[in-house]
Amino acid sequence: MHSYEEALAMVLERTAMAKTERIPLQSALSRTLAEAVIAPLDLPSFDNSSVDGYAVRLPIEGPLKLASEIAAGDMVGRSFEMGETLRIFTGAPVPPDADAVVMQEDTTANGDWITIGEIPAAGRNVRFKGEEVKAGEVLLPAGTVVTPPVLAVLASSGASQVEVFRKPKVSIVETGTELVDVGEPLRFGAVYASNGLALKAAAENLGAECRLFRSNDDLSTLRKTLEEALKDVDLVITSGGVSVGKHDLVRSTWNELGVEEMFWRVAIRPGKPVYFGVAPDGPVVFGLPGNPVSTLVTFYLFVRPTVLHMQGRVAGETKKLTLGQDVAGATSVDVFARTQVKDGVAFPVEAQGSHMSTGLAFAHALIRIPSGTESLPAGAEVDAIPIIWN
Ligand code: AMP
Ligand code: MG
């Protein structure tokens with residue numbers, strides 16, 4: 001059986017990056033830049049005042065005569081003489097004659113005569129053309145995720161369109177004859193379907209475009225559903241039906257549909273029966289086990305890095321945490337225990353069962369207890385994967 005690292009490396013090796021597209025800036029939030037953006041302008045693009053105050057020429061002797069004023073949006077050009085000053089407002093162009101700007105708070109006005117409190121150094125309160133970015137420099141490297149401040153940077157430089165990775169197209173198929181939708185009565189033996197909803201939300205939060213399917217554990221229905229799910233996608237995620245039970249038909253159905261199996265089962269808990277394959281015309285296929293925690297943990301360990309990789313991104317790094325209490329390991333699998341983190345100390349949640357969704361809902365991280373470790377004591381250092389769903 002493969003280790004987590006071996007399995008993940010196989011996945012990333014077989015996953016193609018998404019194609020790219022040019023989109024308007026207004027739709028670019030959360031997308032990833034597929035190419036570097038070169039600054040088309042100097043930033044700032046002209047010398048301007050950082051305060052409301054008075055533009056002055058140096059040296060200053062005695063009160064200065066107010067000659068005129070300049071507001072943000074005014075054209076440059078107004079010149080003034082030694083012994084004069086111009087009232088200027090934040091963002092207004094600083095005229096070429098001016099040596100500095102004095103804050104209004106550091107002056108006293110008497111009619112048209114302005115007395116300067118402290119004589120400024122040359123350049124004071126001037127935001128110089130190109131001081132932040134020079135035209136032709138790399139403004140944002142490829143791989144930058146468009147956050148609100150990145151949008152602001154792009155807009156400030158006048159970018160109206162950006163080249164980004166396409167949204168990965170994902171099909172999600174939840175399997176199980178026992179599943180019913182929320183809002184329906186729950187007959188005895190039935191279970192409300194939660195994996196499809198949760199997987200779709202998780203994938204959409206990573207920028208994917210998702211279609212959701214449902215199949216019962218009937219061979220022909222499953223086959224039809226998986227065939228449908230494979231159409232026009234980059235990735236298919238199934239939940240359930242991938243273990244060793246008589247009704248676990250996903251793996252053999254993928255096989256029938258010509259999907260090449262790369263691995264089935266990884267030495268981890270939860271989620272040991274996880275399946276990965278590559279479909280004939282390119283899409284990659286994940287079979288996640290159906291227990292709700294196994295589904296989302298294997299999504300987090302395998303599918304999340306894949307969806308990010310498609311968009312030129314990498315999943316975050318692991319961290320070290322100190323254990324706040326003893327925790328049990330297992331002989332032949334790495335245990336990824338759901339953990340709360342308080343002040344850098346890990347407290348595994350009580351609900352560790354792979355059917356116990358609440359344990360994951362309240363967890364901040366997955367801590368890893370290496371295979372073959374009977375237990376780790378409070379105070380031990382552990383590797384942790386922070387859980388971020390968006
Ligand atoms: P399976 O992997 O199909 O054997 O399912 C394992 C457990 O997870 C069973 O108890 C299922 O009822 C449950 N399960 C499977 N799929 C879902 C789902 N979509 N939503 C909620 N529970 C599920
Ligand atoms: Mg099932």
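**Exercise 1. Ligand 1 and its polar contacts**

Find what lies 2.9 Å from an oxygen atom of ligand 1, then characterise the surroundings of the ligand.

*Solution.*
Step 1. A backbone N or O atom of G290 sits 2.9 Å from an oxygen atom of ligand 1. The model is a predicted one.
Step 2. Look for further polar pairs. A polar backbone atom of G241 is 2.8 Å from an oxygen atom of the ligand. E174 places a polar side-chain atom 2.6 Å from a nitrogen atom of ligand 1. Polar contacts here are N or O pairs within 3.5 Å.
Step 3. Turn to burial. On its own, ligand 1 has 480 Å² of accessible area, and the protein covers 77% of it.
Step 4. List the shell. Ligand 1 is surrounded by 16 residues, and E174, E178, S194, G241 and G290 are the closest.
Step 5. Sort the shell by class. It holds eight polar, five nonpolar and three charged residues.
Step 6. Assign strands. At least two shell residues come from β13 (169-175), and at least two from β15 (191-192).

**Exercise 2. The sheet containing β13**

Give the strand order of the open sheet with β16, β13, β17, β21, β20 and β18, and identify what packs on it.

*Solution.*
Step 1. The order of the six strands is β16-β13-β17-β21-β20-β18, and the pairing is mixed.
Step 2. Find the edges. β16 (209-215) and β18 (260-264) each have a single partner strand, so each has one side without a neighbour in the sheet.
Step 3. Check the twist. Neighbouring strands are turned by 20 degrees on average, direction ignored.
Step 4. Examine one pair. β13 and β17 (residues 235-239) run parallel, joined by five bridges. V173 is opposite T238 in β17.
Step 5. Add the helices. α4 (residues 219-230) packs on the sheet and touches β13, β16, β17 and β21. The direction of α4 makes about 170 degrees with that of β16. α1 (residues 4-14) lies across β18, β20 (275-278) and β21 (284-288), at about 155 degrees to β18.

**Exercise 3. The sheet containing β5**

Which strands stand at the edges of the open sheet that includes β5 and β6?

*Solution.*
Step 1. Write out the order: β7-β4-β6-β5-β9-β8, six strands with mixed pairing.
Step 2. Read off the ends. β7 (100-103) and β8 (107-110) are the edge strands; each has a single partner, so one side of each lacks a neighbour in the sheet.
Step 3. Add the twist. From one strand to the next, the average is 40 degrees.
Step 4. Inspect an inner pair. β5 (residues 64-70) and β6 (residues 84-88) run parallel and share five bridges. I70 has I88 in β6 as its bridge partner.

How values were computed:
Residues numbered from 1 in each chain as written. Chains lettered and ligands numbered in written order. Predicted model: local features only at pLDDT ≥ 70, side-chain atom pairs only at ≥ 80, totals over all residues. Heavy atoms only, no water. Near = heavy atom within 4 Å. Polar contact = N/O pair within 3.5 Å; in protein donor to acceptor, adjacent residues only side chain to side chain. Areas by Shrake-Rupley, 256 points an atom, 1.4 Å probe, with all protein chains shown as cover. Helix = DSSP H or I, 4+ residues; strand = E, 2+ residues; numbered from the N terminus. Nonpolar A, V, L, I, M, F, W, Y, C, P; charged D, E, K, R; others polar. Pairing = 2+ DSSP bridges. Axes fitted to C-alpha atoms, helices over the stretch in contact; angles between N-to-C directions. Contact = heavy atoms within 4.5 Å.
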